[in-house]
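Trainee: May we examine a protein structure together, question by question?
Mentor: Certainly; please look at the sequence and the structure first.

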Amino acid sequence: MLLIPISSSSSSSISPPPNSYPSNHHSLFFSNLTFPIQHGSRKLKTLRLRANFWESIRSGFVKNNNSTQLVEPPSIVNDEEEETEPLLPVEFTLVERNLEDGLVEEIIFSSGGEIDVYDLQGLCDKVGWPRRPLVKLAAALKNSYMVATLHSVMKSSSDSDSSEGGNGQKQQEKKLIGMARATSDHAFNATIWDVLVDPEYQGQGLGKALVEKLVRALLQRDIGNISLFADSQVVDFYQNLGFEADPEGIKGMFWYPK
């Protein structure tokens, strides 16, 4: 097992497969944010996204049965604390649902921690991406500005009793079901890469949650130029999240070895 600590300093997949960005892929930019956010406008834009973020996730999830619940996020600090407190990685339960045989599944969002590159390679295999060398995959994760993950954790209803000395079953290991990452110059610009969700969990709003959480976190860090690359069949997905193709005449250009 090779665990990669993530620096705190995203068809079957939602992003195009790695190493495949020909002319039929589109560079998209987050609309209304094609310029660095100045401090005077930062609070307004951050607050607008904060107000809409959880409602957009709530409306995006598909409830497969009546036992699916959206777990409320931790309380958000006020604006004065936001300006002074460090922005640390977060982890919380995004969705909780009751399954058969007394099992409870939690979908846990995390913006930091460790990722097993073998688990990530397995997730890439599930969505049909070409294999990448593990050394390069580990380097990409390590050098990312931000990595967001989704894990599924299956628990028995008596796990809470087990933590208090009961006889409940031991919590099972986490299963990686989603990831999105961003690279950045830590000042003005960021690009979102490798947005993917396990095919078994698609259609539930999880990809939307990953991208919106990444955008929200980048805005909190005063980074206003946010771009990504999208395959032609998922351009609409990103445009519904506020991204815009070629805003104000901006063109994404690529250099390829001849």
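The questions below concern confidence, aromatic pairs and one polar contact.

Trainee: In which helix is confidence highest?
Mentor: This is a predicted model, and its protein chain has a mean pLDDT of 75. Of the residues in the chain, 64% reach 70 or more. Confidence is lowest in helix α1 (residues 39–60), at a mean of 41. At the other end, with a mean of 96, is helix α3 (residues 117–126).

Trainee: How many contacts beyond four places in sequence does the model have for residues 164–169?
Mentor: Over residues 164–169 the pLDDT stays under 50. Where pLDDT is low, the predicted coordinates should not be read in detail. With that caution, the number of such contacts in the model for residues 164–169 is 7.

Trainee: Is the aromatic pair of Phe229 and Phe254 stacked, edge-to-face or tilted?
Mentor: The count of aromatic pairs comes to 6. In the pair of Phe229 and Phe254, the ring centres are 5.4 Å apart and the planes meet at 55°. Planes under 30 degrees apart count as stacked and those over 60 as edge-to-face, so the rest are tilted. The pair of Phe229 and Phe254 is therefore classed, at 55°, as tilted.

Trainee: How many residues apart are Phe229 and Phe254?
Mentor: Phe229 lies in strand β10 (residues 225–231). Phe254 lies in the segment after β11 (243–245). The pair thus links distant parts of the chain, and the separation is 25 residues.

Trainee: Is Phe229 buried, partly exposed or exposed?
Mentor: Buried means under 20% relative accessible area. Phe254, at 36%, is partly exposed. Phe229 has a relative accessibility of 17%, so this residue counts as buried.

Trainee: Why is the pair of Phe237 and Tyr238 classed as edge-to-face?
Mentor: Phe237 is partly exposed at 27% relative accessibility, whereas Tyr238 is buried at 0%. Their ring centres are 5.0 Å apart. The pair is edge-to-face because planes over 60 degrees apart count as such, and the angle between these planes is 80°.

Trainee: Which residues form one aromatic cluster with Phe229 and Phe254?
Mentor: Phe229 and Phe254 were met above as a tilted pair. The cluster that includes both is completed by Trp193 and Tyr256.

Trainee: Which residue has a side chain joined to that of Arg97 by a polar contact?
Mentor: Arg97 lies in strand β4 (residues 91–98). Arg97 counts as buried because its relative accessibility is 7%. At a distance of 2.9 Å, its side chain has a polar contact with that of Gln204.

Methods. Residues numbered from 1 in each chain as written. Heavy atoms only, no water. Phe/Tyr/Trp six-rings, centres within 6.5 Å; stacked < 30°, edge-to-face > 60°. Helix = DSSP H or I, 4+ residues; strand = E, 2+ residues; numbered from the N terminus. Buried < 20%, exposed > 50% of the residue type's maximum accessible area, 1.4 Å probe, protein only. Polar contact = N/O pair within 3.5 Å; in protein donor to acceptor, adjacent residues only side chain to side chain. pLDDT = per-residue confidence, 0-100. Contact = heavy atoms within 4.5 Å.
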